Structures are given as structure tokens and as C-alpha cells.
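Reader: Hi! Could you take a close look at the ligand and its surroundings for me, and then at the empty spaces in the protein?

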Amino acid sequence: MKKRTFLKLSSVVLTGSLLPPMSSCKESKNTRNAAKELLSTKEFNWARNFEYSTQDFQYPKSTEQLKELVKEMKHLRALGTRHSFNRIADSTEHIVSLRELDKVISLDKEARTVTVEAGIRYGELAEYLHKEGYALHNLASLPHISVAGACATATHGSGVKNGNLSTEVVALELLTAAGETVQLSAEKDKETFYGAVVGLGALGVVTKLTLQIQPTFLVRQDVYRNMPLAQLKEHFEEVMSAGYSVSLFTNWANQNINQIWIKRRVEKGMMMKIPDTLFGSTLATKNLHPIEAISAEHCTEQQGVPGPWHERLPHFKMNFTPSSGEELQSEFFVPREKGIQAIQAMFQLADLITPHLLISEVRTIAADSFWMSPCYEQDSVALHFTWKQDWPAVSKVLPIIEEKLAPFQARPHWAKLFTMSPMRLQSLYKKLPDFKNLIKQYDPQGKFQNEFLEKNLYGV
Ligand SMILES: Cc1cc2nc3c(=O)[nH]c(=O)nc-3n(C[C@H](O)[C@H](O)[C@H](O)COP(=O)(O)OP(=O)(O)OC[C@H]3O[C@@H](n4cnc5c(N)ncnc54)[C@H](O)[C@@H]3O)c2cc1C
């Protein structure tokens, strides 16, 4: 047994033996579970809906160490903060986490860019940028995820004019299968760059990213409750454009949108008069969690209180568990002009969806140029599902949702759960042949391939 594991284990056992009698029954069970977890070297993703297929996790502390690992290993996958719900980051051999490579490398105020190590999390980067007077254009619902992991899967926030988080990338550095360093930029390497940013971890290990920044800004967040579907149908574009970033939350029951979160940019000193109603919905008078049964303590401040961009654009605070914790997630992207039809189609499935759902979110994302982005050359509406953690039930509903959304050419989120056939998925990406050529160029022997990629990019 490793010395560190032994020390941790003995402290658990010791603490357990000192527990007062009243709690000993419950606590000793917890203690036994904790001891069991420490003894096992099992590794799980954030939601703990799957165990990784290897226990060989490496945490290099320098790019040189990382380079050696990449050269030595026959097969490996890069890992960010483990927030994916499917096995996109999994490996049966080695997983190399970039969690120790999380520094800001440089801030170029003239070019308005920041260069970071790939393992940095948005929450930490955002704090740094804000202190320096800068901001990113958008964030996902949570700040806990790594920049490299998010960009590799086209992670997004909301906003009709906001591209996903990958659209902030202007340059990146990648270690190829041969352990060679490749630098790509939007300016110099047009096509290859657009193939590499949403890289699904298939081209190599991203070590650095340079992101576009802008002067820091303030945002206020207001939540409206209960908009009838009929109103949304009439005013979909107006509702989704009512702020810098707009999210709709619904459980698809009663032809109703439960909550509308509107994030508006605020100029310092500017007074903003917010209407009390919006197309049949009413302004909330207290902070809310999208799942109303959960305390809003985890959520970023609402009720129009202006705050820095990174404390309003994500729905969840950095030091709190985002979302529900025990959950599964799926998400599908459709063309924006078909958004309201796709939403109506989901309402028709309410009886099937709602019993297994915690909450759904609808967001908009502007078109981008990344080959493997679900928003490639397409302004999009994303229909997201936070499910109860019951895969047998969810796996039966997903094919029905996918079939219903098929007429809209819906593309699944790369990091969430879907059941679509590989052939169908491949048919939705016209640049896939070019992406496969890029994989051949950087990784001819398939060092970075895994079961997820083999199935979804090459399977039938
Ligand atoms: C509570 C919760 C809320 C979420 N909210 C949103 C949301 O608002 N919007 C959204 O779009 N998604 C959302 N997601 C999904 C999440 O953004 C994606 O799963 C994202 O990929 C997570 O980043 P990560 O660092 O955890 O990546 P991981 O899950 O660790 O890895 C994801 C992929 O990135 C690759 N990768 C990671 N690091 C590197 C690297 N250095 N080089 C090359 N490849 C790399 C991996 O190989 C893998 O293919 C949410 C997930 C959770 C759990």
C-alpha cells in the first residue's frame, strides 16, 4: 500500500474509533465506505455515472514531463476536470490529467489576449482576468471546468450573438503522438486551426491556449417565472434576444416555461428599468435555483444586482456544487430558425421525459467555423436535459427524443449522453473526412484513439 494511502486510511479508522456511541452506527458505515474507497483505486467522472477503464492516472507537473509521457505511452487520453458524462475522455491504458498545468502564462494587453496552460479552470482564469481589468466573452453554466476540456468538446453558454467557448481561442499548442510540439493560430493556419480547436482529444494533448479577451464588464441577472408556451411560440426570437445571454428552464409539463434567466450587460452608473412581466411571465422576487427544490445558495446572484461578468454569466458559483450533483446530462443542437419547432416537439414528449427529468435548459449559440463543433456554420438552439441518475430509464427515452429531433438534424453534445447511431452522427458533420485526415497527420498509429472515438467517428 502506498504510504500516503496508508496514512489517510489510518486517520479514517482512528477517527471512526473515537466516534460517540449515538452516531457510531451511521458513522461506522460511512467510515467503512470511506475506507473502502481509499483502498480501491477506482477513478470516476464528476457525476460518478461511470468508472474510468484504467487506474493509471498521471499528473505531470511540467510540459517536459508531459512530453516524456506522451512519447513513452502507446495509448493515452488527455483529461481535464472530468465533467463529461460519457466516455469521451476514457482510456483502457493511461489517462494524463493536466490538472497541475494550470497557470496563466502571459497577458498581452495590446493584442488583447491571454495565454494559459491547458489545465486551468475557467473560475480561476476569470478571477485573474477580472483583477487585471479583462473578461472573456462568455462562460458555461459552471466555472469549474478546464479550458482545454471545454474547448475540446465545444462547450457553450448562451446568447444569440455569442459563439461557444472555443470561439475565444486564437492559438493553441499541441503535443502530437510523436511528442512533437505544434503551434496553430487562427491567423496563420486557417484550415488546420479550425479543425484542431474542437479536437475531442483526438489530435494530441493541448498544452497551451491563447484566448481573446475584452475589457471587464458588469452583468445583471433577472429571472422571470412561468411563461406560457403559446407566448414563447409567438415571441421566441424576442425572448432569446432579451439579454446578452438568455436561458429558458422547463420540465416540459403544463405547456409552461418555468424560468427565464436573462443576463444583461450593464454600463457603470447606468440605470436600467426592467419590466415586471415578460410575455406572460413575472419577475421573480427572490433568487432561484433552476431546480426549484434546491437552495439558490449555489447560484450566482440574481434580482438585477450588477456584478462582474464571471459572477453572473455562469449559473453556479465556483465554490459550490453546480447543478444537482447526482444527475446525467444530454443536449442536442438544432438550427436556430427551427428552435421553436424543436421545443414544441419536446413538449409533445412531456409524458415520457418529465418523470425522469430534473430540469431542461434551452440556450442559443452563434455559428462558428470549427469543423467538429455542433454549431459549425449554424446559429443554433441547444436543448439540454439534466436527468435523474437512472441510466436504464434515460437510455430508453433518449432514442425517442433523438428520433423526434431527427428532422431538425439535431447534433448531440460531444460530452453528454446520447444513443444516436455512429452512422447518423457522422452524417451530421460534413467536415468529418477532413478531421479524420488531420487525425492521420498528427496521430497515424491511433495513440489518442479510444473506444468512444472509434465507435462514433469510425463505427457503423
Ligand atoms: C454540472 C455540469 C454543467 C455543465 N454545463 C455545461 C454548459 O453549460 N455548457 C456546455 O456546453 N457543457 C456543459 N457541461 C459539459 C462540460 O462542459 C464538458 O463535459 C466539458 O468537456 C468539461 O470539461 P472537462 O475539463 O471536465 O473535460 P473532460 O471531461 O476531462 O474531457 C473532455 C474532453 O476533452 C479532452 N481534453 C481535456 N483536456 C485536454 C487536453 N489538454 N488536450 C486535449 N484534449 C483534452 C478529453 O480528452 C475529452 O475528450 C457541464 C457539465 C457538468 C458536469
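Author: Happy to; here is the ligand site, followed by a cavity and a pocket. This is a predicted model, where local features need pLDDT of at least 70 and side-chain atom pairs count only at pLDDT 80 or more, while totals for chains, interfaces and linings use all residues. Residues are numbered from 1 along each chain as its sequence is written, and side-chain values use heavy atoms, with hydrogens and water left out.

Let's start with the ligand. Around it are 38 residues, each with a heavy atom within 4 Å of it. Ala 78, Gly 80, His 83, Ser 84 and Ser 146 come nearest. By class, this shell holds 19 nonpolar, 15 polar and 4 charged residues (nonpolar: Ala, Val, Leu, Ile, Met, Phe, Trp, Tyr, Cys and Pro; charged: Asp, Glu, Lys and Arg; polar: the others, Gly among them). Helix H5 (147–152) gives the largest share, 4 residues; strand E2 (77–79) and strand E9 (205–212) each supply at least two. Helices (H or I, at least four residues) and strands (E, at least two) are DSSP runs, numbered from the N terminus. Domain 2 (104–215 + 427–458) and domain 3 (219–420) each contribute at least three residues to the shell, with bounds from an automatic or database domain assignment.

Now for some polar contacts (pairs of N or O atoms within 3.5 Å). A backbone N or O atom of Ala 78 lies 2.7 Å from a ligand oxygen atom, and a polar side-chain atom of Arg 363 lies 2.8 Å from an oxygen atom of the ligand. For Val 206, a backbone N or O atom is 2.8 Å from a ligand nitrogen atom. The ligand taken alone exposes 970 Å², and the protein buries 99% of that (Shrake-Rupley method, 1.4 Å probe).

Arg 363 also lines the second largest cavity, with Ser 245, Ser 247 and Glu 361 among the other lining residues. On a 1 Å grid over the protein atoms alone, a cavity is a set of points where a 1.4 Å probe fits but cannot get out, a pocket is an open set with protein on both sides within 12 Å along at least five of seven lines, and lining residues have an atom within 4 Å of a point. The volume of this cavity, the space filled by probe spheres set on points joined across faces, edges and corners, is about 50 Å³.

Finally, the second largest pocket holds about 620 Å³. Both domain 2 and domain 3 give residues to its lining, so this pocket lies between them.

Note on methods. Polar contact = N/O pair within 3.5 Å; in protein donor to acceptor, adjacent residues only side chain to side chain.
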